[in-house]
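Here's a quick tour for anyone meeting this model for the first time. Have a look at the picture, then read on.

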Amino acid sequence: MPTFHGDGPLSVVGIPGSLRDPSYTRFTVRLALAGAEEAGARTHLADLREYELPYCDGSQEQGEVGDVAKLREEVREAEGIVLGTPEYHGGYSGVLKNALDLMGFDEFEGKMIGLVGVSGGRMGGFGAMNALREVGRALHAWVVPTQTSIPKAWSVYDDETGEIDDEELGQRVREVGEEVVRYANLHEAEDKLDFLRTWECATENPGAEAR
Ligand SMILES: Cc1cc2nc3c(=O)[nH]c(=O)nc-3n(C[C@H](O)[C@H](O)[C@H](O)COP(=O)(O)O)c2cc1C
């Protein structure tokens, strides 16, 4: 797929909202980033375990604390963001919300966001992802339509390697990353002809077959 982003491939950053080790959320974000790479993007995993972040208190000064500036810069320079969350009591994780609250429009406005989730139970991560969709809107980002969750994540992932033992689900997760790149490319198109050419080369709508 062509990219029309001036000097090189689009950049997509993935933020998994779990600090656990091993984390199925992190495995899932990695898979989505692999999909983004297949679609031509360069990617970066912002593993929140590696960032020293304070609890957000809403003050300007927090931009200088710990690794807040580093996280902000990494997200600011990306055109697409994959947010991953575990289902926690029917919502998304506090770790992820805190990281998002330390950022704002400068990092998210006008960007594409893709959502992936995991759950321990069989109902999946939809409570978390649907609530995160609203957070994306409030940040003035474009949350792409495709979202994927892995129910009973413990039953499909290898804790050691992070490999997923369900090809179809794995593909659905990769498609989230692909779709972020697809729409980010369209968004970056410099004129209508670029837009049309990009649209014609875009990955197929994964939901089309089901209709
Ligand atoms: C505080 C907490 C709340 C949870 N709530 C739910 C829930 O509502 N539904 C569910 O299916 N699983 C729930 N789980 C299970 C997690 O979704 C599951 O363990 C998941 O794999 C955690 O993500 P991680 O592997 O990335 O850490 C909960 C786990 C924790 C720690």
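## Starting at one pair

Let's begin with a single spot: Gly117 stands opposite Ser149 in S5. That's one small piece of the pairing between S4 and S5, which run parallel and share six bridges. Keep in mind that this is a predicted model.

## The sheet

Zoom out a little, and you'll find five strands in an open sheet, ordered S2-S1-S3-S4-S5, with parallel pairing. Strand S2 (42-45) and strand S5 (142-150) sit at the edges with a single partner strand each, so one side of each has no neighbour in the sheet. From one strand to the next, the twist averages 20°.

As for what holds such an arrangement together, strands of a sheet pair through backbone hydrogen bonds, in either a parallel or an antiparallel way.

## Strand S3 and its neighbours

Now for S3, which covers residues 80-86. On one side, strand S1 (residues 11-16) pairs with S3 in the parallel sense over five bridges, and Val13 has Ile81 as its bridge partner in S3. S3 also pairs with strand S4 (residues 112-118), again in the parallel sense, over seven bridges. Here Gly80 has Met112 of S4 as its bridge partner.

How many of the seven residues of S3 are buried? Seven of the seven are, so to speak, tucked away: the strand is mostly covered. In a regular strand, side chains alternate between the two faces of the sheet. In S3, Gly80, Val82, Gly84 and Pro86 point one way, while Ile81, Leu83 and Thr85 point the other way, and all are buried.

## The whole chain

Stepping back further, the protein chain has seven helices and five strands. Reading from the N terminus, the elements go β-α-β-α-β-α-α-β-α-β-α-α. The radius of gyration is 17 Å, close to the 17 Å that the globule rule gives for 211 residues, so the chain is as compact as a globular protein of that length.

Along its principal axes, the C-alpha trace spans about 45 × 45 × 30 Å. Buried residues make up 42% of the 211 residues. Among contacts with a separation of 6 or more, 78% come from residues 24 or more positions apart.

## Around the ligand

Last stop: the ligand. Of the 16 residues around it, Ser18, Thr25, Pro86, Gly120 and Gly121 come nearest. Pro86 is a name you've met already, as one of the buried residues of S3. Sorted by class, this shell holds six nonpolar, eight polar and two charged residues.

Key: Residues numbered from 1 in each chain as written. Predicted model: local features only at pLDDT ≥ 70, side-chain atom pairs only at ≥ 80, totals over all residues. Near = placed C-beta within 6 Å. Nonpolar A, V, L, I, M, F, W, Y, C, P; charged D, E, K, R; others polar. Helix = DSSP H or I, 4+ residues; strand = E, 2+ residues; numbered from the N terminus. Rg over C-alpha atoms; globule rule 2.2 N^0.38 Å. Buried ≥ 20, exposed ≤ 12 C-beta atoms within 10 Å, placed from the backbone. Contact = placed C-beta atoms within 7 Å. Pairing = 2+ DSSP bridges. Axes fitted to C-alpha atoms, helices over the stretch in contact; angles between N-to-C directions.
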